[in-house]
Amino acid sequence: MPSRPDAMAEESAGPDTLAHLLARRIVMDGPISVGAFMAEALGHPRFGYYMRRDPFGKGGDFTTAPEISQMFGELVGLWCVDSWARLGGPGPFHLVELGPGRGTLMADALRAAAVLPLFRDNATVHLVETSPALRERQRQTLQPIVGDAIHWHDRLEDVPDGPTILIANEFFDALPIRQVQKTNYGWFERLVDVEPDSTEDAPRFRFVLEAFGSSGNRLVPEALRDAPDGSVVEVSPASQAVARLIGSRLAEAPGAALVIDYGYVQGPAVGDTLQAMRRHAYAAVLEAPGEADLTAHVDFAAIAGAAREGGAQSFAPVEQGEWLTRLGIRQRAAALTAKANPAQARDIRGALDRLIDPAQMGRLFKLVALATPGAFADAPPAGF
């Protein structure tokens, strides 16, 4: 392959795909981390998966809980109202969502929040979203509810300081991870390289290990240093940085946060969980970067720990099925079914099962709550 051209020449030449751009970068600079590959595949300004499309729903590549049923967003909205009230109903506050997708969750949450008009009156909606395509979809979804009173930000750091209620549904699983692998010589970071027999017209990628193991030994958690040879461990400095920032916000002003994602509670853990989804099916992780969603299981213990480092209080993770049941999803489903025709009633029952059944989303997906220290001294947040 030719050497990587300079940035201006590359832009004017316009590589055909992200694969071409990454291959040129690797040829020029050497193998890149899994995290760098993931960040480019999802967020590259021109080729990134989330930057150019709406990937949600039946016509996309995957379906999230808010797209399955309005009940999910409604209960999240009621959780926000309850948390805000228990914080003392602080005057104007920021209602923040990280990675808001189509805006479906926020729309359902705001409709449910109408039970307490004072909540809606004091809330200013802030969406942390980098995708132009999804920002437009969010605008279409939310304008009928809140008009133009929506603020978009590229980063959580850009959201103004002050009292905050924050939602992060399936946000952390898409943040870049780094992987390290145990060999009989120690821990080495896994990197992404170009296949030796790859061509310039059709670049292909493979996993390799770093040459000297300096990164791997630095990244592996102390508790896992003695794992068996061949073990793969994932860490997400990006996720921990965001959680730490959330924690610092909640330490500085009254607030609460709800993190919803799939992953494991007893971390750190051994295992390769990096996966690609395309057209509702698993795909090869390194194939066609920018054309598939890349995610990894969330280490909830690391998220909670980083938030505590930032100054917040954390509440033990709870499984999604249990949390939704505690908040009354069965009763909500019964109320909706009573007003539905037979076909709609079947859909409602099917959505309920999908959200709470342990064999579906009920056990794999979990929630952790974060809050200003002492704000929930009398009892934990709803559902916890």
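How much space lies in the second largest cavity? About 30 Å³ lies there. The model is predicted: local features need pLDDT of at least 70, side-chain atom pairs count only at pLDDT 80 or more, and totals for chains, interfaces and linings use all residues. Residues are numbered from 1 along each chain as its sequence is written, and side-chain values use heavy atoms, without hydrogens and water.

**View 1. The second largest cavity and its lining.** Two cavities of 30 Å³ or more are present (a cavity is a set of points on a 1 Å grid over the protein atoms alone where a 1.4 Å probe fits but cannot get out). Volume is the space filled by probe spheres set on the points, which are joined across faces, edges and corners. Lining residues, with an atom within 4 Å of a point, include Ala41, Ala276, Pro289 and Leu294. The lining has eight nonpolar residues (Ala, Val, Leu, Ile, Met, Phe, Trp, Tyr, Cys, Pro), two charged (Asp, Glu, Lys, Arg) and one polar (the others, Gly among them).

**View 2. Gln320 in helix H12.** Helix H12 spans residues 320–326 (helices are DSSP runs of H or I, at least four residues, numbered from the N terminus). Gln320 is buried (under 20% relative accessible area, 1.4 Å probe, protein chains only), at 1%. Beyond neighbours within four places in sequence, its contacts (heavy atoms within 4.5 Å) include Phe72, Ile260 and Leu367.

**View 3. Strand E9, covered on both faces.** In E9 (residues 232–235; strands are DSSP runs of E, at least two residues), Val232 and Glu234 on one side and Val233 and Val235 on the other are all buried. Strand E6 (residues 178–183) runs antiparallel to E9, joined by four bridges (pairing needs at least two DSSP bridges). Gln181 stands opposite Val232.

Conventions
1 Å grid on protein atoms, 1.4 Å probe; cavity = no way out; pocket = protein on both sides within 12 Å on 5 of 7 lines; lining within 4 Å. Buried < 20%, exposed > 50% of the residue type's maximum accessible area, 1.4 Å probe, protein only.
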